[in-house]
Amino acid sequence: MQHSNFTPAQSVPVYRAASFVVSQGANLGDALACADELMLDDVYTLSARAHPLRLSLHASDTAHMIVGNGSECGVPGAAIHLDCALTLMSPDGQITDAIVLVEVDDEAHIANIYLLPLAGLRPRTPYNLVGIDRTEARTKFAHLACARFTRGTHITMASGAQKPIEELAVGDRILTRNDGVQEVRWVGQSTVRATGDFAPICIRAGTLNNDRDLIVSPDHRLFIYQRKDRLGAGRSELLVKARHLVNGDSVTVQDGGFVDYFELLFDTHQIIYAEGIAAESMLIDTRTKPALPDEVSARLTAHTDTGLSGLDVTENLLDRPDAAELLRRASTR
């Protein structure tokens, strides 16, 4: 199936509903269900045999999502709905947010239900359901798809000066790759637990010819210009997700604790320079728009990708330990 009218695929880790079952409470023995059937104070336990599956999602212009090709679960092309956001509490008082995703068939009947945890879940651990929210699911999901930099990241200004991202403000002039100098329209900031798909990716100094470590969100895309197509992508310009470069050495996951994330928004989707690496700014589409404050969203009339669509590299091309080194060499000679 072709997805020319859809956003680039986003892959998220989910559990099937049957792996998350009520072990104590009103719905004893029942698997995870939609919001209408959930009961507060029910206690859920993740099966010891459960393992997360990668669910590939595309978002359309009409704010619907569908299952993408290559997904480990779901039927490609099937519609996916964000049903609700859950708040779970473990016995030690730790709070974990999660999203319930519902897959429907061609007749709009429920085909599958999935749990997308926003932090790690431990098997055999009882989780008390303390919150059910039907309005926040889309906002929480939006943050997973946003391109985000971490505190301390140096951004190249119009003057060539390097400025920490936390010191940027609306109206600051930033150097972009394709459109010269552009003004910042919005700076977003959030602090989250650095676990699961919120754990940042660290690209060590020198890995992509960067002078300092670059630390970004997992799905943040980096722009690579290949002087020679060493990767076999068939083109010179590439967009590569940071998570696909993880090799346990020069590119690592920084799991644990908390992380301060920042988003930069321009009039159009841009490639800017962070620690010397060309990286995307925040792209507004049907997935990410709910992350914006209402007043910013209201004055956003259009937000295009400025010709960057179609540059994404498939994960299978990057499934090799030397992918980052290949890209570094390809960009220099």
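What follows is a chat about the cores, the cavity and the aromatic pair of this predicted model.

Visitor: What makes the Phe 20 and Tyr 44 pair stacked?

Guide: The ring centres of Phe 20 and Tyr 44 lie 5.1 Å apart and the planes sit at 10°. Centres within 6.5 Å make a pair, and planes under 30 degrees apart count as stacked, so that label fits. The structure holds one aromatic pair, and this is it.

Visitor: What parts of the chain does the pair tie together?

Guide: Phe 20 belongs to strand S2 (residues 20-24) and Tyr 44 to strand S3 (residues 43-46), so the parts being tied together are 24 residues apart in sequence.

Visitor: How do you know whether Phe 20 is buried or exposed?

Guide: Go by relative accessibility: Phe 20 has 0%. Buried means under 20%, so Phe 20 counts as buried. Its partner Tyr 44, at 2%, falls under that cut-off too and therefore counts as buried.

Visitor: And why is Thr 150 called buried?

Guide: Thr 150 has a relative accessible area of 6%, which is under 20%, so buried is the right word. You'll find Thr 150 in strand S10 (residues 149-150). Leaving out residues up to four places away in sequence, Thr 150 touches Ile 165, Pro 200, Ile 215, Val 259, Asp 260, Tyr 261 and Phe 262.

Visitor: Which residues touch the most other members of the largest nonpolar core?

Guide: Leu 245 and Leu 327 do, in a core of 34 residues. Helix H4 (323-332) is one of the elements that supply at least two residues each, and strand S21 (258-265) is among them as well. The largest share, four residues, comes from H4.

Visitor: What is Leu 327 in contact with?

Guide: Setting aside neighbours within four places in sequence, Leu 327 is in contact with Leu 208, Ile 224, Gln 226, Leu 231, Leu 238, Val 240, Leu 245 and Leu 318. There's also a second, separate core of 26 residues, including Leu 53, Cys 73, Tyr 114 and Leu 118.

Visitor: How many cavities of 30 Å³ or more are there?

Guide: The count comes to one cavity. About 160 Å³ of space lies in the largest cavity.

Visitor: Which residues are closest to the centre of the largest cavity?

Guide: Of the 15 residues that line the largest cavity, those are Ala 145, Asp 219, Arg 221, Glu 280 and Arg 287.

Visitor: What makes up the lining by class?

Guide: The lining of the largest cavity has six nonpolar, three polar and six charged residues.

Notes:
Residues numbered from 1 in each chain as written. Predicted model: local features only at pLDDT ≥ 70, side-chain atom pairs only at ≥ 80, totals over all residues. Heavy atoms only, no water. Core = buried A, V, L, I, M, F, W, Y, C linked by side-chain atoms within 4.5 Å. Buried < 20%, exposed > 50% of the residue type's maximum accessible area, 1.4 Å probe, protein only. Contact = heavy atoms within 4.5 Å. 1 Å grid on protein atoms, 1.4 Å probe; cavity = no way out; pocket = protein on both sides within 12 Å on 5 of 7 lines; lining within 4 Å. Points joined across faces, edges and corners; volume = space filled by probe spheres on them. Nonpolar A, V, L, I, M, F, W, Y, C, P; charged D, E, K, R; others polar. Phe/Tyr/Trp six-rings, centres within 6.5 Å; stacked < 30°, edge-to-face > 60°.
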